[in-house]
Amino acid sequence: MKCLSVSQPFADLIISGKKTIELRKWNTNFRGEFLIHAPLKIKTEDCKRLKMNKKFVTGAIIGKAEIYDVKKYNSIKEIKMDQKFHLASKNFHDKTFGFRLKNAKPLRIPITCKGQLGFFDIDIPKTKIKNTEIVSEIIDEEYRYQWIGHH
């Protein structure tokens, strides 16, 4: 599955559904669901600006989202008009693409992982659990967790 590293606090903002555009210098043809990796580095100035004072998970995959479109920005004015969607600071002069995101969800248990630049492929091993009854129970629990309290 594809994965993208996004620095904290922005990774948390994406998986909570508060950030629906991810600004990048580069374009992508990729569309679909991908995992969100929070690298070790935390952007402390953005945490202060956004009044986010919490312990962030880093060095792990913390959620997933779906990229459904890429918006090409032709001016800083256009980027500023979408500020409530990307929540970036004023330091976005070199960002010209906005990855439009939807269906973001956090993982209940982060998966420790080293990030990479750009979209990268990752295999999450399912062979670690040998007992199929345990696997079945985990899948059932995950299904119940997704639906209880969400209707």
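This passage walks through the fold, the sheet, the nonpolar cores, the cysteines and a few unusual backbone sites of a predicted model.

The protein chain contains five helices and six strands. Followed along the sequence, these elements come in the pattern β-α-β-β-α-β-α-α-β-β-α. Of the 151 residues in the protein chain, 36% are buried. The chain exposes about 10100 Å², and carbon and sulfur atoms supply 55% of that area. Sequence-distant pairs figure strongly in the contacts: among those between residues at least 6 apart in sequence, 84% join residues at least 24 apart.

The sheet is a good place to begin a closer look. Six strands form an open sheet in the order β2-β5-β4-β3-β1-β6, and the pairing is mixed. The edges are taken by β2 (21-24) and β6 (119-121); each has a single partner strand, so one side of each is left without a neighbour in the sheet. On average, neighbouring strands of this sheet are turned by 45° against each other, with direction ignored.

Three of the pairings can be followed in detail. The strands β3 and β4 are antiparallel and are held in register by seven bridges. Here E33 has E66 of β4 as its bridge partner. Strand β1 takes part in the other two pairings. With β3, β1 runs parallel and shares three bridges, and the partner of C3 in β3 is L35. With β6, β1 runs antiparallel, again through three bridges, and L4 stands opposite F119 of β6. As general background, side chains in a regular strand alternate between the two faces of the sheet.

The nonpolar interior can be described next. The largest nonpolar core has 23 residues, and those touching the most other members are V6, F34, I36, I67, F99 and F119. Two or more residues of this core come from each of α1, β3 (32-38), β4 and β5. Helix α1 gives the largest share, with five residues. The surroundings of F34 offer a view of this region. Apart from its neighbours within four places in sequence, F34 is in contact with M1, K2, L4, G63, K64, A65, E66, I67, L101 and F119. A second, separate core has six residues, among them C3, I61, F120 and I122.

C3 also comes up in the matter of disulfides, of which the structure holds zero. What keeps C3 from forming such a bond? The closest cysteine sulfur to that of C3 belongs to C113 and is 5.5 Å away, which is too far for a bond, because a disulfide calls for sulfur atoms within 2.5 Å. Seen from the other side, the closest cysteine sulfur to that of C113 is the one in C3. Both residues count as buried: C3 has 0% relative accessibility, and C113 has 14%.

A charged-type residue name also appears among the buried positions. D82 lies in the loop between α3 (76-81) and α4 (83-86). With a relative accessibility of 8%, D82 counts as buried. Leaving out its neighbours within four places in sequence, D82 is in contact with I21, K71 and Y73.

The backbone has a few sites worth a visit. Most residues other than glycine have a negative phi, and most peptide bonds are trans. Against that background, the peptide bond joining Q8 and P9 is cis, with an omega of about 10°. P9 belongs to the loop between β1 (2-5) and α1 (10-15).

Two non-glycine residues have a positive phi. One of them is K51, with a phi of about 55°. K51 is found in the loop between α2 (44-49) and β4 (60-72), and this residue is exposed, with a relative accessible area of 74%. The other is N103, whose phi is near 55°. N103 lies within a strand, β5 (residues 97-112). At 47% relative accessibility, N103 counts as partly exposed.

Conventions. Residues numbered from 1 in each chain as written. Predicted model: local features only at pLDDT ≥ 70, side-chain atom pairs only at ≥ 80, totals over all residues. Heavy atoms only, no water. Helix = DSSP H or I, 4+ residues; strand = E, 2+ residues; numbered from the N terminus. Buried < 20%, exposed > 50% of the residue type's maximum accessible area, 1.4 Å probe, protein only. Core = buried A, V, L, I, M, F, W, Y, C linked by side-chain atoms within 4.5 Å. Contact = heavy atoms within 4.5 Å. Areas by Shrake-Rupley, 256 points an atom, 1.4 Å probe, with all protein chains shown as cover. Pairing = 2+ DSSP bridges. Axes fitted to C-alpha atoms, helices over the stretch in contact; angles between N-to-C directions.
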